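Here are some short exercises to work through with the model open beside you. Try each task before reading its solution.

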Amino acid sequence: MISFTYLEPASLDEALALLAQHGDQSKLIAGGTGLINLMKQRLVRPSIVIGLRALEGLAGIEEKGELRIGALATLQSLAMAEPIRCSAPLLAEACGHVATVRIRSMATLGGAMAQADPNLDTPPVLIALDAQIVARSQRGERIIPVDRFFTGYYETLLEPDEIVTEIPIPVQPAGSGTAFLKFLPATQDDYATVSVAARVALDGNGGIADARVALGAAAMVPVRATAVETALAGQKADEKIFRDAAALVADAIDPIADFRGSADYKRKMAVVHVRRALAEAATKAKPPA
Ligand SMILES: Cc1cc2nc3c(=O)[nH]c(=O)nc-3n(C[C@H](O)[C@H](O)[C@H](O)COP(=O)(O)OP(=O)(O)OC[C@H]3O[C@@H](n4cnc5c(N)ncnc54)[C@H](O)[C@@H]3O)c2cc1C
């Protein structure tokens, strides 16, 4: 392990000041489940590590119309929290599928977003739920839609002096149904070979009023499948439209071949799982009477 200085600010202001002072030389640490692995592999070598765990008020989960999730909320707390299970069951379900309870109890949602590993489960879920990232620095605050946050492999729009403080999720379209499918042919605690998050809202005539589809482990970044969404808009929700729209995802992704499968295999699995996720989300949707 490389040597580094560990600093633990007691307030957000103090953390922002440390980041402004040390910038590129420093790295934040929340749950540590991602950063420590990167440091062990010497892929990142911060001389200063800034611990966020002492910051109070950044782990909350509140529902005031929209859901407001503090960046330090753990994936385990999100899997269990009543407001998340009621108003964003897609997120609760996906968090419940991450690794093991020991990892989920350390890993934070803010850490997962900042890590920007395209294989993670939560980024496609937050894209499907139309969530945002609130980033703070001494220069101020900015709000970034999650579907524009990821810029490359382990890369985001975050500047070195910014901290993710909150992840707001808007009220979802009335009666919409959601589905999260994580294709895991190896072991239950593995990363996905491909994952799909889908949200479908129906109108009173069985037509598709709104659809959002996003994938993990399907490219260098989490992918929002806008071609699939466009093909679904206004169409009758049936097997054929789900099959035809899902086929379009093959050209929207660029999977990385690895020990979980070739790029071609992952592309085929993505098509299958998008179709299944759309069908499941539509089944759960409650159209207006
Ligand atoms: C064995 C194992 C199995 C796993 N399996 C899965 C899985 O099946 N599915 C899945 O989705 N994930 C999985 N993960 C990954 C896990 O979800 C992420 O590592 C975790 O969410 C990252 O959160 P963290 O709080 O631990 O981040 P950290 O490791 O503390 O930080 C990760 C990165 O984010 C930065 N950072 C952290 N917090 C902030 C913040 N508030 N603002 C700005 N930057 C920040 C850090 O500087 C660092 O670059 C697994 C991890 C392990 C170790």
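**Exercise 1. Find which residue of β13 is the bridge partner of V200, then describe how β13 is joined to β12 and β14.**

Solution. Keep in mind that this is a predicted model.

Step 1: Start at V200 and look across to β13, where its bridge partner is A211.

Step 2: Follow the pairing along both strands. β12 and β13 run antiparallel, and eight bridges join them.

Step 3: Look at the connection. Five residues lie between the strands of this hairpin, and G206 takes a positive phi near 80 degrees.

Step 4: Now turn to β14 (residues 223–224), which is antiparallel to β13 and joined to it by two bridges. Here A214 stands opposite R224. This hairpin has six residues between its strands, with A217 in the turn showing a positive phi of about 60 degrees.

Step 5: Check the surroundings of β13 (residues 208–216). Eight of its nine residues are buried, so the strand is largely enclosed by the rest of the structure.

**Exercise 2. Work out the strand order of the open three-stranded sheet, and explain why one side of β1 and of β2 has no neighbour in the sheet.**

Solution.

Step 1: The order is β1-β3-β2, and the pairing is parallel.

Step 2: β1 (5–7) and β2 are the edge strands; each has a single partner strand, so one side of each lacks a neighbour in the sheet.

Step 3: On average, neighbouring strands here are turned by 25 degrees against each other, direction ignored.

Step 4: Zoom in on β2 and β3 (residues 48–51), which pair over four bridges in the parallel sense. I29 stands opposite G51 in this pair.

Step 5: Add helix α1 (residues 12–22), which lies across β1, β2 and β3 and runs at about 165 degrees to β3.

**Exercise 3. Identify which element gives the largest share of the shell around the ligand.**

Solution.

Step 1: The ligand is surrounded by 29 residues, and the closest are G31, G34, G111, A112 and A114.

Step 2: β2 (26–29), α7 (109–115) and β10 (163–169) each supply at least two shell residues. The largest share, five residues, comes from α7.

Step 3: Sort the shell by class: 18 residues are nonpolar, nine are polar and two are charged.

Step 4: Domain 1 (5–51) and domain 2 (61–169) each contribute at least three residues.

**Exercise 4. Decide which residues of α5 are buried.**

Solution.

Step 1: Six of the eight residues of α5 (residues 89–96) are buried.

Step 2: These are L90, L91, A92, E93, A94 and C95.

Step 3: Their packing partners include α3 (75–80), α8 (122–128) and β12 (194–202).

Terms used. Residues numbered from 1 in each chain as written. Predicted model: local features only at pLDDT ≥ 70, side-chain atom pairs only at ≥ 80, totals over all residues. Buried ≥ 20, exposed ≤ 12 C-beta atoms within 10 Å, placed from the backbone. Contact = placed C-beta atoms within 7 Å. Near = placed C-beta within 6 Å. Nonpolar A, V, L, I, M, F, W, Y, C, P; charged D, E, K, R; others polar. Domains from an automatic or database assignment. Pairing = 2+ DSSP bridges. Axes fitted to C-alpha atoms, helices over the stretch in contact; angles between N-to-C directions.
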